[in-house]
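Here is a guided look at one protein chain, written for someone who likes to check the coordinates alongside the text. Feel free to keep a viewer open as you read.

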Amino acid sequence: VAVDEFRMLADAVPAALPELLRIAAVGRSLGLHLVLATQRPQGSITTDIRANIATSVALRVQSAPDSRDVINADSAADIPADLPGRAYAGISGRPALLFQSLSTGMRSINSHCTVLELGEYLTAGPAPDTQASTAADTGTLSGICSAINEAAAAGNYPVPFRPVLQPLPTVLTASLLASAAHLHQEPGKLVLGIMDEPNLQRQRALAWHPRRDSHIAVLGISRAGTSDCLALLTGRHLEVLPARHLYVLDSDGSLSWLDSADQTGAYVGAQDPKRAARVLAYLASELLRRMAPAAGGPSGTVPPGITVMVTGWSRWCTAFRSGRGLTGEEDLTDLIRDGERADICVVITGDREVLSSRFFPLIPNRLYFPADASAETLLLWPRLPPMDRVPGRALVQGRIGTDEGLSAQLQVPEAAPK
């Protein structure tokens, strides 16, 4: 177990120290060995850990106290600065030994090496100068790693267990998502990305099913990934659920391509708030019809599900409130409150107006996109876990995530149909 910058780990995650102590105390007998590296040794290694460390190595340090803290001598503070790799090793309390370590960041002036028999070497004359150059050889370390990997492959050694998963990618393409074979993708669900569960050290697909998971609120600004999220969701919707009907209230024009889709029952732009209110009123009446006793289609058939897409709720909210007799906000609240019972699902994007709405507590799934979010907006959001605030990164709460929320990276959507 190798730990670089141990002092930073001890300061940032003090709870890790007892686990390192266990490795130092009992790990050696089990084949586990601990390697700690730090630039500031004083006070970073506890007495308990030091008691179980047999070997200490000190390269050039800044002060005599730092040297004494590592090898119990001042020698490492006297190493010249022009001798990189020169170090002292203290083993089991014995006096420190001076040695020269291999440097993967330096290269020899004579990079070509020749293998000679002893007799040839003795009769070849003076050996050429092989002083080290200060120029860095960036390929040395990668060459060593490649040689180790080739040797491991040739020996058929098993792949080591990885206790920590790789972090979420900053950009998730369709091919990268498709290659994630470890993700469990349930048939019939709309797979949107990859979700990280660090406490369980696993990653799973971020997937949503309109009928079972119900409504979604997508919160954040457009460049944070909300528009891409909705484009991805609608594209998956048309592909995976072709029999489900779509009704689109598109205030920003990002879903204009849905106007000609076969599954689209109605498409309304921001320039026609009265028609948008009529569409919501129709859906509210359809909700009541489906909730009525013995509701159903001809011969008792189950009516197709309905998904309502609403982009830029702030603009619709302003239009409905300023227009005389427009009941769009009330009808949308009815759809969100009772729509799950009638297989009517709402997907809505926005920011503060969604958070402050009456229907927001009724939405079971929420995606928060923090990239470029203002400090005032973040105060209204739940506490975010440590996460990279890049476009497409979201905190997922609700049925498709957890109550506390999980970090997820959504796939970059493909080009919308023309």
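The report below goes from the whole chain to its sheets and then to some of its helices.

## The chain as a whole

Please keep in mind that this is a predicted model. The chain holds 14 helices and 17 strands. Of its 418 residues, 38% are buried.

Taking contacts with a separation of 6 or more, 61% are between residues 24 or more positions apart. The exposed surface comes to about 24,100 Å², and carbon and sulfur atoms supply 55% of it.

## The ten-strand sheet

Let us begin with an open sheet of 10 strands, whose pairing is mixed. Read across, the order is E9-E8-E17-E16-E15-E10-E14-E13-E11-E12. At its edges are strand E9 (202–208) and strand E12 (264–269), each pairing on one side only. On average, neighbouring strands are turned by 20 degrees against each other, direction ignored.

Toward the E12 end of that order, strand E11 (residues 245–250) and strand E13 (residues 306–311) run parallel and are joined by six bridges. One residue pair to look up is His-245 with its bridge partner Ile-306 in E13. Helix H11 (residues 313–322) lies across E11, E12, E13 and strand E14 (344–350), and runs at about 90 degrees to E13.

## Strand E10 and its two partners

Strand E10 (residues 216–219) deserves a stop of its own. In a regular strand, side chains alternate between the two faces of the sheet. Here Ile-216 and Val-218 point one way, Ala-217 and Leu-219 point the other way, and all are buried.

What does E10 pair with in the parallel sense over four bridges? One such partner is strand E15 (residues 365–368), where Arg-366 is the residue opposite Ala-217. E14 also runs parallel to E10, joined by four bridges, and Thr-349 in E14 stands opposite Val-218.

## The three-strand sheet

There is also an open sheet of three strands, ordered E3-E4-E5, with antiparallel pairing. Its edge strands are strand E3 (55–58) and strand E5 (97–100), each paired on one side only. From one strand to the next, the twist averages 30 degrees.

E3 and strand E4 (residues 86–91) are antiparallel and share four bridges, with Thr-55 opposite Ile-91 in E4. Helix H4 (residues 64–71) packs on this sheet, where it touches E3 and E4. The direction of H4 makes about 155 degrees with that of E3.

## Helices H2, H9 and H14

In helix H2 (residues 16–26), the buried residues are Ala-16, Leu-17, Leu-20 and Ala-24. Seen down the helix axis, they fall within an arc of 95 degrees, so they line one face of H2. These buried residues pack against strand E1 (2–3), helix H1 (6–12) and helix H3 (47–50).

Helix H9 (residues 226–240) has 15 residues and reaches 21 Å from its first C-alpha to its last, close to the 21 Å expected at 1.5 Å a residue. Its buried residues include Cys-229, Leu-230, Leu-233, Arg-236 and His-237.

Finally, helix H14 (residues 375–380) contains Thr-377. Is Thr-377 buried or exposed? With a relative accessible area of 5%, Thr-377 is buried, because buried means under 20%. Leaving aside neighbours within four places in sequence, Thr-377 is in contact with Asp-351 and Arg-352.

Methods
Residues numbered from 1 in each chain as written. Predicted model: local features only at pLDDT ≥ 70, side-chain atom pairs only at ≥ 80, totals over all residues. Heavy atoms only, no water. Buried < 20%, exposed > 50% of the residue type's maximum accessible area, 1.4 Å probe, protein only. Helix = DSSP H or I, 4+ residues; strand = E, 2+ residues; numbered from the N terminus. Arc of directions from axis to C-beta. Contact = heavy atoms within 4.5 Å. Pairing = 2+ DSSP bridges. Axes fitted to C-alpha atoms, helices over the stretch in contact; angles between N-to-C directions. Areas by Shrake-Rupley, 256 points an atom, 1.4 Å probe, with all protein chains shown as cover. Expected span 1.5 Å × (residues − 1).
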